Amino acid sequence: AKGDGRNTYRFFDDAMDVEAVEHQFIRNGLRRALERNEFVLHYQPQIDLASGAITGVEALIRWNHPELGMVPPARFIPVAEESGLIVPIGDWVLHEACRQAVAWQNAGLPELCMAVNLSAVQFKRGSVEQSVIHALQETRLTPALLELELTESILIQNVEGVLDSVKRLKLLGVKLSIDDFGTGYSSLSYLKRFDIDKLKIDQSFVRDLGSDPDDAAIVRAIIQLARSLNLRTIAEGVETADMLRQLGAFGCDEAQGYYFARPMSADAVASYIRQA
Ligand code: C2E
Ligand code: CA
Ligand code: CA
Ligand code: CA
């Protein structure tokens, strides 16, 4: 048994080395990825439940790595945040998403809202406001068609200026949503301070909607809260018709998830929307 214990210990030790090596590998690769154009955005449709229409898409980054293949954001966004590289990467995302939205308009697609994820590090170490202004100016996207997804961690930061930059972003005419709503902090006071448009109900509550009465109660409470504050709601991670039915019954405004579509390349989204 003693020997087993030692083996287990060594196993974890090695596993940690592997992780550290991968981390280093990712970090070095990230530095070159922008220059080499290795990032791509995929887009996932968002559906209005009342009309059934596709009202927007969320832009989700992937890294098309020459050796690793398509790397999901969970594997490199944390490294990019730690190293500060999320600032130039985030600028690229904003620009590329806005450019794509305008390209779809020019190709005759119906008007779509483009949702873009922002990291707390972009607020701490970058000038999000300048980045958004540049992206809008360079692409000429109508500001009201850009939606910025903020996490609760951004809004509860005590960093001087977050409230100011969010206010100024709002003055540009862009929309704001709170991502992963309900998973972050119990204080809801930021809902009063920030002029938010939409709450994105986290998929962890949506997943067991049908089987877990607690999750159902939370989702219903979030939708009621949103309604009384005049905010729209969108449920994430909608995978089944049952989830959709229940969300509809609770009065949720929009849904996003594999039930409708996975995140897809720009071309695939365009055909999906044309067929809808
Ligand atoms: P998120 O913003 O919460 O994005 C939703 C995630 O759920 C996406 O994973 C999406 O592919 C996945 N998803 C969508 N529908 C379903 C469903 O029905 N079932 C399940 N199980 N999953 C679903 P993805 O693309 O791997 O992104 C993961 C996270 O990486 C995002 O979570 C976001 O926090 C971050 N991320 C992605 N793109 C960016 C970006 O451009 N900038 C920043 N800062 N973060 C990003
Ligand atoms: Ca998001
Ligand atoms: Ca989310
Ligand atoms: Ca998430």
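**Notebook: ligand 1 and its calcium neighbours**

Started with ligand 1 in this predicted model: one of its oxygen atoms is 2.8 Å from a polar backbone atom of Tyr258. Then I checked how much of ligand 1 gets covered: taken alone it exposes 800 Å², and the protein buries 80% of that. I also looked up where it sits, and ligand 1 is in the largest pocket.

Next I went through the shell. I count 20 residues around ligand 1, with Gln44, Arg62, Asp179, Glu239 and Tyr258 as the closest. Strand E2 (54–65), helix H2 (73–83) and strand E6 (175–181) are the elements that give two or more residues to this shell. E2 gives the most, with four residues.

Two side chains went on my list as well. Glu239 puts a polar side-chain atom 2.5 Å from a nitrogen atom of ligand 1. For Asp180, I noted a polar side-chain atom 3.3 Å from an oxygen atom of ligand 1.

Asp180 turned up again when I moved on to the metal. Which residues coordinate the calcium ion (ligand 3)? I found Asp179 (OD), Asp180 (OD) and Glu236, the last listed with OE twice, at 2.2 to 2.5 Å. Along the sequence, I read the donor spacing as D-D-x55-E.

Asp179 got its own entry. I see it bridging the calcium ion (ligand 3) and the calcium ion (ligand 2), which lie 3.9 Å apart.

Last check: are these two aspartates buried or exposed? Asp179 has a relative accessible area of 8%, so I put it down as buried, the cut-off being under 20%. Asp180, at 28% relative accessibility, went down as partly exposed.

Definitions and conventions: Residues numbered from 1 in each chain as written. Chains lettered and ligands numbered in written order. Predicted model: local features only at pLDDT ≥ 70, side-chain atom pairs only at ≥ 80, totals over all residues. Heavy atoms only, no water. Donors = N, O, S within 2.8 Å, 3.2 Å for Na, K, Ca; no water. Buried < 20%, exposed > 50% of the residue type's maximum accessible area, 1.4 Å probe, protein only. Near = heavy atom within 4 Å. Polar contact = N/O pair within 3.5 Å; in protein donor to acceptor, adjacent residues only side chain to side chain. Areas by Shrake-Rupley, 256 points an atom, 1.4 Å probe, with all protein chains shown as cover. 1 Å grid on protein atoms, 1.4 Å probe; cavity = no way out; pocket = protein on both sides within 12 Å on 5 of 7 lines; lining within 4 Å. Sits in = over half its atoms within 2 Å of the grid points.
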